[in-house]
Amino acid sequence: MSMLKYLIGLMLDGGVILGNKYLYDKKTVCPVCKKEFTYTKVRSSQLKVEERERDFYTKYKDGINPFFYEVIVCPNCGYAALESEFDRITNDKKEKILSLVTAKWVKREFSGERTPQKALEAYLLALYCSQIKEDKPIVFAKTCLRIAWIYRILNDKVNEEKYLKYALDSYIKAYSGSDIYEEEVLLIYMIAELNRMLGNREEALKWYNKVINHPDRSRYNLIVNLARDGWQSLKE
């Protein structure tokens, strides 16, 4: 596709091109306050991986952090959620957001390029809204893990560890609950890896073994190999 066609397609899709080559703006309507606003997305086709850590925090060329933009924040009412969860809110939870968030909200903008501090503000707000919505544990796990990544970027070891623990607890709740996850192997691996990162050696070994011996292991070679490497590193 030529660059001209790409730009035209982006405009037709409702996007507005920003100065940063990795970012563009889109418009949406908040499911809580029903007002239109602009949020920023990452152009994934431009991304080039430089390094991927064992808990899947990924460093990209030019210092771009795509996960900074996974949370959508309505600047009008303060409702925030991971993009995949943004429209998943019931009427009674909308009323709670309006009461507990919007009533105290000072309008501010979250579109455009985000610093680690701005991303952290967005994620902590999304975590609070998740608590109000009573989201599933897997949503809490994903949110807390990404908050831990931001604290890692900020070299804040204490808060990074705190949110890794929160993420671990939520992953365990997700695994122990009644929901069935298509990528259960990945969920189990995250439990193992976070236990390793937090110094829980025996628990990490137990969960790594669950990955290595999982009935669906043949479909997840990358994850199984990571589990074997983690298991081996603890045995040495």
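**Briefing: overall form and two helices of the chain**

The accessible surface of the chain comes to about 12,700 Å², and carbon and sulfur atoms account for 50% of that area. The structure is a predicted model. It contains 8 helices and 7 strands. The radius of gyration of the chain is 19 Å, close to the 18 Å that the globule rule gives for 236 residues, so the chain is as compact as a globular protein of that length.

**Overall form**

- Taken along the principal axes, a box of roughly 55 × 45 × 35 Å is filled by the C-alpha atoms of the chain.
- Of the 236 residues in the chain, 47% are buried, where buried means under 20% relative accessible area.
- When contacts between residues at least 6 apart in sequence are considered, 57% of them join residues at least 24 apart.

**Charge**

- The chain carries 39 positive and 33 negative charges, and the mean positions of these two sets are 2 Å apart.

**Helix α6 (residues 184–197)**

- At 1.5 Å a residue, the 14 residues of α6 should span 20 Å, and the end C-alpha atoms are 20 Å apart, which agrees.
- Because 10 of its 14 residues are buried, α6 is largely enclosed by the rest of the structure.
- The buried residues of α6 are Val185, Leu187, Ile188, Tyr189, Met190, Ile191, Ala192, Glu193, Leu194 and Asn195.
- These buried residues pack against four helices, namely α4 (137–153), α5 (157–176), α7 (201–212) and α8 (221–235).
- Gly199, located just after α6, takes a positive phi of about 85°.

**Helix α3 (residues 116–133)**

- For the 18 residues of α3, a rise of 1.5 Å a residue leads to an expected span of 26 Å; the end C-alpha atoms are 25 Å apart, which agrees.
- The buried residues in α3 include the alanines Ala119, Ala122 and Ala126, together with Leu120, Leu125, Leu127 and Ile132.
- Tyr123, Cys129, Ser130 and Lys133 of α3 are buried as well.
- The cover over the buried residues of α3 includes the strands β6 (71–73) and β7 (80–82), and also the helices α2 (91–100), α4 and α5.
- Glu134 follows α3 and has a positive phi, near 60°.

**The two helices together**

- Helices α4 and α5 appear in both settings: the buried residues of α6 pack against them, and they are among the elements that cover the buried residues of α3.

Definitions and conventions: Residues numbered from 1 in each chain as written. Predicted model: local features only at pLDDT ≥ 70, side-chain atom pairs only at ≥ 80, totals over all residues. Heavy atoms only, no water. Helix = DSSP H or I, 4+ residues; strand = E, 2+ residues; numbered from the N terminus. Rg over C-alpha atoms; globule rule 2.2 N^0.38 Å. Buried < 20%, exposed > 50% of the residue type's maximum accessible area, 1.4 Å probe, protein only. Contact = heavy atoms within 4.5 Å. Areas by Shrake-Rupley, 256 points an atom, 1.4 Å probe, with all protein chains shown as cover. Lys, Arg positive; Asp, Glu negative; His and termini not counted. Charge placed at Lys NZ, Arg CZ, Asp CG, Glu CD. Expected span 1.5 Å × (residues − 1).
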